[in-house]
Amino acid sequence: MSFQQSPEVDTQDSNSWFSSTNAMSRIMGFSFLATIIQGLLNGQGSVTGPHGVGNAGVGAGGPNSYLIDSIRLFLLGSIIEGGRRFFSWIMGRFKPFQYSITAQFTEGDPAYEWIILLLTEEQVWTRSREFRVNATSSLRQWSVKLESENQRKDGHFDDHAEYVPTYEEPQLFRWNGYWVEVRRSSGTGRSINQAFMPHAGLQMMGRLYLTIYTRKMSALSALVEEGRQRYVKTSRPHVTVHTADQPAYGPASPWNGAKRKARRPLSSIILQEGVINSLIEDAREFIRMEEWYTKAGIPHRRGYLLYGPPGTGKSSTIYAIAGELGLEIYSLSLASTFVDDSFLARAVSSIPKQAIFLIEDIDCAFPSREELDDDEATGLAGATAYMAGMVGIPARPGARGRSAVTMSGLLNVLDGVGSEEGKIFFATTNYVDRLDPALLRPGRIDKKIQYKLATRAQAAALFLRFYPEAFITLRSERSSTDEKSPHLSSSEKEAILHLFSKQFAASILEHEFSTAELQGFLLSCKQDPERAVEEVAKWAWRKHRRTSNGPAFAAVPVTRPIVTGAVPIPTQTISTIGGFPQPAHAATASVVSTGRTSGPSTSEEATAAPITVTKPLVNGTHIAVNEETGNPKTPN
Ligand SMILES: Nc1ncnc2c1ncn2[C@@H]1O[C@H](COP(=O)(O)OP(=O)(O)OP(=O)(O)O)[C@@H](O)[C@H]1O
């Protein structure tokens, strides 16, 4: 944001060529005005221009007299325009005459967002007659609500479309007792850079000019602060993710995309006990201790690396932390071809204080050691994929997209001045061993957190998250038409779901599937926990076979959901032999009474379910494995 205090606001750069043209047209205008006045004073009813006036009022003469008249009028216009400028200059120099403050906000800067939100909430734009209409999406828009025939009885609107005013005309409104004028330039024209770089895409950098008619400077800061507070309040249910989707040149902000994601509760992230809380505590303490960092002379920044297999919750953790701490995320992909060292430096320095800077899949940006060796051999060392493409060298099979960012560029940015302002740096990777040790040293990465494939405890927790007692109707409840058959109380249902979760978890091996894979399976059994328990073993076996390319585990006796007592569910066990589910010879499950009189079971009872899992050995025989850890059981 920049501001000026002046009696007159000139939103164009007054030193520009455009401004001189303006001055000339003003002079001509004043000259013409003087002609009219002169004509009127001489009693003429109509004026046709300097020459006409010359004929009518100034007196007859030859071509010389026309010229003299014209020069005289031009001089008169110049004197008036000069006087006007001098008056403005005087007013601008002497504070007592200053009666307005003008501030300029540039798109991409957070303050621009604050003011746009304030103006939208103040309904400044509702008189606009021109709108850009978009289908509602996760892209952030400050749209206005239009009265609609689809307005529902509860007063809400059907939010299928967003109406964004294309407000070019100045608008005047009252705010806190002040008159405020707002003008906006949409900045959709091609920037100068694009004349030279036609492939660069449109630079949509808009500007907003706000004039408050007051002498009090505090009015401007009060307005900006109110905008910020409203922004924080409005953004609370969401996490805003800023992205750099296209190149940015000149003063345009590198962060040219903003999306909103619903805030994710911490409880929805299923990790090993204490992991997420310790991360949150660490980040909170970091934000709180800004002063301590300054006094101790330690750069106020913190770096975290989350590493592990895909789909284990690395990104979800970062989004949940951002939501919990009310921070915005600035996410950059180093694999984008337009992101080079200088773009990266600009992008990082324009991230505001107390925000998260995120680089996902940071390993993708740099070549692995084997790739470097290959490059040495082919003479391609140091070249980016983009450069290789330009010189016509085909991409190596399996080669990863290579960034134009260099390791030293990245290290400079992480150590640099722009990264010291309370920024939290998060990086994720699936391959920690591909990262340069220089990147991992404390000060750049202060904490490393390893993510693993799901444990049985995580699988059970995921199951319970998918089937919350309040939203689930169990099969037995659905089929119960018998009046005598009691309905289940919520604690009874909870107990049954707990039992199912244990049975579900027992049907998979420890650390075999990612949480995302298990989530994918559970999504196929929405609202049907019994089906999830019944089918998980078959699903796990199929997936296992696909990934290991052969009949890796041949017999998995699996319990079916079993509940006896007032609400019986058929007791079944299946085993998979040769890949297909077979009827079992014996039911292996604990029995839980759900009758009202005997009370619900406890989860401890549920954990007693005897589950046998066997794994084949290479010679075709099978070995029993510990059902908790998935490791082979030692023979007694
Ligand atoms: N530990 C977890 N707890 C809850 N949900 C999870 C967990 N892990 C994965 N998921 C779910 O799986 C999906 C993918 O998760 P996410 O993107 O966080 O994984 P990731 O580890 O970042 O994967 P990648 O390395 O491929 O980026 C999300 O929908 C998320 O809800």
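Student: Let's start with T214 in this predicted model. Is T214 buried or exposed?
Tutor: The cut-off to keep in mind is that buried means under 20% relative accessible area. T214 has a relative accessible area of 10%, so by that cut-off T214 counts as buried.

Student: Okay, and where along the chain does T214 sit, and what does T214 touch?
Tutor: T214 belongs to the loop between β7 (207–212) and α6 (218–235). Leave out residues up to four places away in sequence, and what T214 touches is Y99, S100, I101, Y178 and A219.

Student: What about I472: buried or exposed?
Tutor: You'll find I472 in a loop too, the one between α14 (456–466) and α15 (475–479). Its relative accessibility is 2%. Since buried means under 20%, I472 is buried.

Student: Which residues does I472 touch, and how far is its C-alpha from that of P529?
Tutor: Not counting residues up to four places away in sequence, I472 touches Y467, E477, K493, Q527 and P529. I472 and P529 are 57 residues apart along the chain. Their C-alpha atoms, though, are separated by 8.3 Å.

Student: Where is C525, and is C525 buried or exposed?
Tutor: C525 lies in the loop between α17 (515–523) and α18 (529–548). The relative accessible area of C525 is 0%. That is under 20%, so C525 is buried.

Student: Which residues is C525 in contact with?
Tutor: Set aside the neighbours within four places in sequence first. What's left is Y467, R531 and A532. Y467 may ring a bell, as I472 touches Y467 as well.

Student: What is odd about the phi of Q527?
Tutor: Q527 is in the loop between α17 and α18, where we just met C525. Q527 is a residue other than glycine, yet its phi is positive, near 65°.

Student: And Q354: which loop holds Q354, and what is its phi?
Tutor: Look between α10 (341–349) and β12 (356–359) for the loop with Q354. Q354 is partly exposed, with a relative accessible area of 31%. Q354 isn't a glycine either, but its phi is positive, about 50°.

Student: On to the ligand. How many residues surround the ligand, and how do they divide up?
Tutor: The closest ones are R264, I270, K314, S315 and S316, and the full count is 18 residues. Sorted by character, the shell has 6 nonpolar, 9 polar and 3 charged.

Student: Which ligand atoms do T312, G313 and K314 approach, and at what distances?
Tutor: T312 has a backbone N or O atom 3.1 Å from an oxygen atom of the ligand. For G313, a polar backbone atom is 3.0 Å from a ligand nitrogen atom. K314 uses a polar side-chain atom, and its distance to an oxygen atom of the ligand is 2.7 Å.

Student: How much of the ligand does the protein bury, and which elements give two or more residues to the shell?
Tutor: On its own, the ligand exposes 620 Å², and the protein buries 80% of that. The elements giving two or more residues to the shell are α9 (314–325) and α17.

Student: Last one: where does pLDDT stay under 50?
Tutor: Across the protein chain, pLDDT averages 72, and 62% of the residues score at least 70. Where pLDDT is low, the predicted coordinates shouldn't be read in detail. One such stretch has 17 contacts beyond four places in sequence, and another has 23 beyond near neighbours. The stretches are residues 6–19 and residues 381–400.

Definitions and conventions: Residues numbered from 1 in each chain as written. Heavy atoms only, no water. pLDDT = per-residue confidence, 0-100. Contact = heavy atoms within 4.5 Å. Helix = DSSP H or I, 4+ residues; strand = E, 2+ residues; numbered from the N terminus. Buried < 20%, exposed > 50% of the residue type's maximum accessible area, 1.4 Å probe, protein only. Near = heavy atom within 4 Å. Polar contact = N/O pair within 3.5 Å; in protein donor to acceptor, adjacent residues only side chain to side chain. Areas by Shrake-Rupley, 256 points an atom, 1.4 Å probe, with all protein chains shown as cover. Nonpolar A, V, L, I, M, F, W, Y, C, P; charged D, E, K, R; others polar.
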